Amino acid sequence: MRQNGAHPGGKGPAVDVSFILDGLNERQREAVTAPEQPVLVLAGAGSGKTRVLVHRAAWLMRVQGVSPQGLLAVTFTNKAAAEMRGRIEALLGMPAANLWVGTFHGLAHRLLRIHWREAGLVQGFQILDSEDQLRLIKRMVKSMDLEDSSVEPKELRAFINKQKDEGRRPEHLEAYNDHTQRQFVSLYKTYEETCERSGLVDFAELLLRAHELWLNNDELLAHYRNRFSHLLVDEFQDTNTIQYAWLRVLAGNSGLPFFVGDDDQSIYGWRGARIEHLHHFARHFPNTLTVRLEQNYRSTGTILKAANALIANNSERMGKELWTAGDDGEPISVYSAFNERDEAEFVVGRVRDWVGQGGRRDEVAVLYRSNAQSRSFEEALINAGMPYRVYGGLRFFERAEIKDALAYLRLIENRDDDASFERVVNLPTRGIGARSVELLRAYARANATSMWRAAGAMIGDGLTRRAANAVHGFLRLIESLAESTHGYELHEQVDTVIQRSGLIEHFEKDGSERGQARVENLQELVTAARGFTAEDDDLSTLALFLSHAALEAGEGQSTDSSDCLQLMTMHSAKGLEFSIVFMCGLEEGLFPHRRSVGDASGMEEERRLCYVGTTRAMKKLYLTHAEQRRLHGVDNRSFPSRFINELPPELLEEVRPSLSISRPIQQPASPASTTGAAFKLGQRVRHGKFGDGIVLNCEGHGAHTRLQVNFETEGTKWLVMAYANLEVL
Ligand code: ATP
Ligand code: MG
């Protein structure tokens with residue numbers, strides 16, 4: 001080991017390390033320059049944890065002489081991983097190609113690709129994303145003809161994933177007594193067999209297999225222990241059991257973990273993350289150096305005080321308080337909207353003001369609790385002609401037509417992929433009806449084989465002549481696509497497949513705008529393929545592209561870098577920062593989510609999520625809630641979230657919809673009202689032509705009184721009250 005002669009205050013540094021240490025405070029330097037021992041950085045939001053991790057990586061390579069190959073860096077999303085690599089390379093001033101940086105899933109996948117044989121997989125194994133997994137489970141349950149048909153596929157999926165996340169195979173579960181549990185265990189086993197046969201690996205399986213790879217292969221483990229001497233993990237508070245187990249086994253007695261995390265930001269308990277890992281770390285890794293960072297560099301004093309006050313309501317905390325040397329900044333603005341459209345209009349208006357003053361849109365984030373909330377913002381943004389990008393929701397690789405094309409490509413790579421076979425065997429329609437597919441399925445099941453093989457066997461016997469011909473045609477199509485595109489560039493291969501499979505023609509025939517959009521998306525897939533570069537030579541580029549599509553689907557976004565407003569859930573905002581943040585839909589039942597109300601630990605997790613959202617803001621934070629909200633097609637009246645009440649009132653300022661009006665208006669908006677009706681803001685009204693709506697605003701006096709009404713179908717309109725003939729509802 002090289003001596004750490006570069007420590008500040010030491011005798012003349014061996015290497016000039018000011019580029020690593022400048023811009024770090026004393027505590028941060030302590031962590032970055034720590035001697036070779038386990039390190040846990042336990043620190044609040046915006047205190048520089050990620051920064052410290054990046055600088056530690058540079059320090060290890062530049063000062064300690066660790067080769068890039070000796071580091072393994074793990075972060076939470078692909079986006080964060082790409083950023084981390086970029087920041088490390090920028091610090092070092094050179095590319096670090098051999099450095100492994102990725103998400104747990106990405107790294108596990110990389111290992112399994114290299115060691116597929118030791119992991120007991122087929123070489124061309126493909127990844128099932130969670131929607132494909134559900135489809136496969138549905139089909140499986142249906143084909144089994146269970147006496148008890150009450151098995152809920154989503155529940156079964158959750159059960160299977162949970163077991164895998166805890167490292168349990170069906171054989172570890174046999175002892176259960178309970179009937180449902182027994183049934184689930186047996187279905188878990190059947191599911192495993194189906195995946196095995198089809199060469200399919202779901203997300204949870206990636207992690208479990210990678211863990212078993214360590215447990216079952218001593219030599220391999222010894223090799224990687226020797227190689228990865230330093231393990232760097234960001235967002236450690238959100239690791240689940242299997243991820244932590246994987247890290248611990250890899251570290252063994254000699255590996256050096258450098259983990260950073262914040263117990264107050266643990267927000268994936270519902271997906272199996274275990275905050276206890278933070279508590280147990282020092283016990284598991286003797287001689288741990290724990291560093292705490294409490295100075296926040298991100299947010300204004302006001303935002304920080306609000307975050308501190310909010311999280312103080314949680315009881316299960318390791319306890320820490322953030323402070324900043326910066327100014328208090330502006331108060332936090334709270335806007336009570338009438339409904340979700342009004343809420344969206346408000347946000348758009350404020351963003352427009354910001355842009356008008358020269359601000360960039362991509363410095364502004366709109367955060368919400370559930371993906372479905374993005375719709376009302378998207379509508380308002382489209383109306384306003386403002387560019388935006390939604391993170392999450394239906395992503396490119398998750399779109400139906402893209403999955404159709406990928407299914408063809410997957411079959412080319414692996415004929416036994418049942419999920420893909422079923423998806424496209426009759427798409428476009430080629431005369432293979434549900435009955436024939438049913439027969440193939442039954443045969444495959446009875447003979448423990450794949451649908452592809454079943455099809456081959458049944459062409460001569462077991463299908464009607466017409467069906468047999470059609471099935472034969474399909475098998476020939478796939479074989480010939482595989483043969484004729486062999487050796488093609490990836491994008492040529494994709495292009496040929498979308499043409500010759502008949503998918504393009506199928507969607508073109510549709511004639512609708514939607515069909516056209518699908519054709520364009522398929523063409524976009526060719527573009528995506530053209531831009532794809534494979535990192536691994538051992539496998540076909542196609543196989544790697546398909547894995548990339550499945551892994552990216554979790555968060556994939558086009559790389560378009562134009563200046564867009566950022567829309568995302570609070571979960572996906574973890575680790576990011578924005579000048580301006582709108583936290584929207586702060587309503588009881590929505591945030592905190594109704595699932596967690598009444599459950600103490602669930603409520604604490606919701607509050608941590610609110611803390612995460614709050615601490616994303618650098619300069620200005622807006623909180624909005626609506627009195628009435630239509631979500632999933634149902635109108636609900638709602639009450640402001642308890643989280644707003646938990647903030648010190650002196651930090652808040654209420655935004656009023658219009659300066660001339662204070663709300664609620666107790667009196668009739670105009671004494672000269674022709675109907676004599678009392679129009680209050682927020683009042684529901686009916687118009688003869690425009691239908692039902694809500695009064696948003698009111699201007700003028702007497703006969704000139706004008707009302708702004710937001711109609712459900714017609715949008716917002718200004719009406720002269722004297723002529724509008726509005727009926728109060
Ligand atoms: P989170 O908990 O949200 O992930 P974090 O603890 O990882 O936050 P960083 O994202 O690393 O915090 O840092 C927050 C911001 O503060 C970044 O903009 C970072 O560049 C800046 N920062 C961190 N440390 C310093 C410092 N010593 N001097 C100046 N700026 C700093
Ligand atoms: Mg961070």
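What follows is a dialogue about a predicted model, in which a visitor asks for reasons and a guide gives them.

Visitor: Why is E235 called buried?

Guide: The cut-off for buried is under 20% relative accessible area. E235 has 11%, so E235 counts as buried. The residue sits in the loop between β6 and α11 (241-251).

Visitor: What makes N287 exposed?

Guide: Exposed requires over 50% relative accessible area. N287 reaches 58%, therefore N287 is classed as exposed. N287 belongs to the loop between α12 and β8.

Visitor: What is the phi of E235, and what is the phi of N287?

Guide: Phi is near 55 degrees for E235 and near 65 degrees for N287. Both values are positive, in residues other than glycine. Most residues other than glycine have a negative phi.

Visitor: Which peptide bonds are described as cis, and what is omega there?

Guide: One joins L427 and P428, with omega about -5 degrees. Another runs from F591 to P592, with omega near 5 degrees. P428 lies in the loop between α17 (418-424) and α18 (434-446), and P592 lies in the loop between β13 and α25. Most peptide bonds are trans.

Visitor: How do you know that strand β12 is mostly covered?

Guide: Strand β12 spans residues 565-569, and five of its five residues are buried. On one side these are L565, L567 and T569, and on the other Q566 and M568, so both faces are covered. In a regular strand the side chains alternate between the two faces of the sheet.

Visitor: What makes β10 and β12 a pair?

Guide: Two strands pair if at least two bridges are found between them. Strand β10 (residues 364-368) and β12 share four bridges in the parallel sense, so they qualify. One of the residues involved is L367, whose bridge partner in β12 is M568.

Visitor: How do you know that β11 and β12 pair?

Guide: The requirement is at least two bridges. Strand β11 (residues 388-390) is joined to β12 by three bridges, so the requirement is met, and the two strands run parallel. V390 stands opposite L567 in β12.

Visitor: Which strands make up the sheet that holds β12, and which are its edge strands?

Guide: The open sheet has seven strands in the order β11-β12-β10-β13-β14-β9-β17, with parallel pairing. The edge strands are β11 and β17 (652-655), each of which pairs on one side only. Neighbouring strands of this sheet are turned by 25 degrees against each other on average, direction ignored.

Visitor: What joins β13 to β14, and which helix packs on that sheet?

Guide: Strand β13 (residues 578-583) and strand β14 (residues 617-626) run parallel and are joined by five bridges. F582 has Y622 in β14 as its bridge partner. Helix α25 (residues 600-614) packs on the sheet and touches β10, β13 and β14. The direction of α25 makes about 140 degrees with that of β13.

Visitor: Why are β3 and β8 called edge strands?

Guide: They belong to an open sheet of six strands in the order β3-β2-β6-β7-β1-β8, paired in parallel. β3 (100-103) and β8 (289-293) each have a single partner strand, so one side of each is left without a neighbour in the sheet. The twist in this sheet averages 15 degrees from one strand to the next.

Visitor: How many bridges join β6 to β7, and what packs on this sheet?

Guide: Four bridges join strand β6 (residues 230-233) to strand β7 (residues 256-261), which run parallel. L231 stands opposite P257 in β7. Helix α12 (residues 276-284) packs on the sheet, touching β1 (39-43) and β7, and its direction makes about 145 degrees with that of β1.

Visitor: What makes the approach of R51 to ligand 1 a polar contact?

Guide: The limit for a pair of N or O atoms is 3.5 Å. A polar side-chain atom of R51 lies 2.7 Å from an oxygen atom of ligand 1, so the pair qualifies. Backbone N or O atoms of S47, at 3.2 Å, and of G48, at 3.0 Å, also lie within that limit of a ligand oxygen atom.

Visitor: Which residues come nearest to ligand 1, and how much of the ligand is covered?

Guide: Of the 19 residues around ligand 1, K49, R51, Q265, E577 and R616 come nearest. Helix α3 (residues 49-62) gives the largest share of the shell, three residues. The protein covers 84% of the 630 Å² of accessible area that ligand 1 has on its own.

Methods: Residues are numbered from 1 along each chain as its sequence is written. Chains are lettered from A and ligands numbered from 1 in the order in which they are written. This is a predicted model: local features need pLDDT of at least 70, side-chain atom pairs count only at pLDDT 80 or more; totals for chains, interfaces and linings use all residues. Side-chain values use heavy atoms; hydrogens and water are left out. Buried means under 20% relative accessible area, exposed over 50%, partly exposed in between (1.4 Å probe, protein chains only). Axes are lines fitted to C-alpha atoms, for helices over the stretch in contact, and angles run from 0 to 180 degrees between N-to-C directions. Contact means heavy atoms within 4.5 Å. A residue is near a molecule or strand if one of its heavy atoms lies within 4 Å of it. A polar contact is a pair of N or O atoms within 3.5 Å; within protein, one must be able to donate a hydrogen and the other to accept it, and residues adjacent in sequence count only if both atoms are side-chain atoms. Accessible areas come from the Shrake-Rupley method with a 1.4 Å probe; for residues, only the protein chains shown count as cover.
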